[in-house]
Amino acid sequence: MFKLWHHPIYTDGLSPEAHFPRERYRLAADVLQQNSEIVFETPSRIEPDDLLLAHDRDFRDAFLSGDLPEEKVRRIGLKPWSEEIVERTLILTNGTVSAARHVLEVGGSAKAGNLGGGTHHAYYDFGSGYCIFNDLAIAARVAQRDFGVETVLILDLDVHQGDGTAAIFANDPTVRTVSFHCRENFPFRKMKSDLDVEFSKGTGDAEYLSTLAAFLEREAALFRPDLILYQAGVDTLKTDRLGHLELTRDGLQTRNQLVFDFVESAQVPCVITMGGGYGVPIETSVDAFGDLFSQAAGG
Ligand SMILES: [Zn+2]
């Protein structure tokens, strides 16, 4: 059975007026609840001390007490700020951490997911681009602290660069950051991941998928992680209003399968998170997230 962490607060904790498609979580959950291979799990709040594994204490404290300065709130972009956003953030971050704990307990090529998270634009001491704390970075650190994990691969296939993740692990050879993204998309000042693969605006399935297949073949021989965190943003879709790549729904299914085949042959536990999905209509993103987690669940 494939475990998928989700909580209604993923949607309800954001203001309906926020410039963010908050309904995607609820809609994707509605679709995936029909899948008998998937067991839904409800995350609790993360321990506030665990946030310090990847974040600055002053930043954490200011966020938790509602004292973030206006310019930091603006950079996160989830306006208007809701009262529930602190609770939502603690729960959503723990969805990824809980999934990581689960796959490490099971071992082998176990997979689990968070129907949210992938908050890769969050830096050590500030949030950015709809991201507050970096769930990927925290999950990697929890895995190292509590499970004896030595090396982690963060494979970020969102259309936007995983800039916060890259910056947090810039000088850390134990966490390999790999980002496939569109050059013309946010963030406009890119950070340096261990490997950045940049595509031009308009790149479609053929070039993207052959590049990914070649990378995974090389990677299998090069780096042997104890844990893989797959940020599976679907804003690479042609219908996405923020992303400038032009992948199809079929192309994204092939993308996911390439990653899951890699996980299977490497026999490494893997956590799958969401990422961007700003499709017009929103159902195109929801369908792609439905495909992602159904594929992870094995069909
Ligand atoms: Zn994105």
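Guide: Two strands are said to pair if DSSP finds at least two bridges between them, and that rule is applied here to a predicted model.

Visitor: What makes strand 1 and strand 3 a pair?

Guide: Strand 1 (residues 2-5) and strand 3 run parallel and are joined by 3 bridges; because the rule asks for at least two, they count as paired. Within these strands, leucine 4 stands opposite glycine 113.

Visitor: How do you know that strand 3 also pairs with strand 8?

Guide: Strand 3 and strand 8 (residues 270-273) share 4 bridges in the parallel sense, and the requirement is at least two, so this pairing is accepted as well. Here alanine 112 stands opposite valine 271 of strand 8.

Visitor: Why are both faces of strand 3 described as covered?

Guide: In a regular strand the side chains alternate between the two faces of the sheet. In strand 3 (residues 111-114), Lys111 and Gly113 lie on one side, Ala112 and Asn114 on the other, and all of them are buried.

Visitor: What makes Asp158, His160 and Asp235 donors of the zinc ion?

Guide: Their donor atoms, OD of Asp158, ND1 of His160 and OD of Asp235, lie 1.9 to 2.1 Å from the zinc ion, and since the limit for this metal is 2.8 Å, they qualify as donors. Along the sequence the donor residues follow the spacing D-x1-H-x74-D. Aspartate 158 is in the loop between strand 4 (152-156) and helix 8 (163-168), while aspartate 235 is in the loop between strand 7 (227-231) and helix 10 (249-266), so the pair ties together parts that are 77 residues apart in sequence.

Visitor: Why are aspartate 158 and aspartate 235 called buried?

Guide: Aspartate 158 has a relative accessible area of 1% and aspartate 235 has 0%; buried means under 20%, so both are given that name.

Visitor: How do you know that threonine 151 is buried too?

Guide: Its relative accessible area is 18%, which is under the 20% cut-off, so threonine 151 is classed as buried. Threonine 151 sits in the loop between helix 7 (135-147) and strand 4, and its side chain reaches the backbone oxygen of arginine 224 at 3.2 Å, which is within the 3.5 Å allowed for a polar contact.

Visitor: What makes glutamate 87 and arginine 45 a salt bridge?

Guide: The closest N and O atoms of the two residues are 2.8 Å apart, and the limit is 4 Å, so the pair meets the rule. Glutamate 87 lies in helix 6 (residues 85-106) and arginine 45 in the loop between strand 2 (38-41) and helix 3 (48-51), so this salt bridge ties together parts that are 42 residues apart in sequence.

Visitor: Why is lysine 238 called exposed, whereas glutamate 246 is called partly exposed?

Guide: Lysine 238 has a relative accessible area of 54%, which passes the 50% threshold for exposed; glutamate 246 has 35%, which falls between 20% and 50% and is therefore called partly exposed. Their side chains meet in a salt bridge, with 3.1 Å from N to O.

Conventions. Residues numbered from 1 in each chain as written. Predicted model: local features only at pLDDT ≥ 70, side-chain atom pairs only at ≥ 80, totals over all residues. Heavy atoms only, no water. Donors = N, O, S within 2.8 Å, 3.2 Å for Na, K, Ca; no water. Helix = DSSP H or I, 4+ residues; strand = E, 2+ residues; numbered from the N terminus. Buried < 20%, exposed > 50% of the residue type's maximum accessible area, 1.4 Å probe, protein only. Polar contact = N/O pair within 3.5 Å; in protein donor to acceptor, adjacent residues only side chain to side chain.
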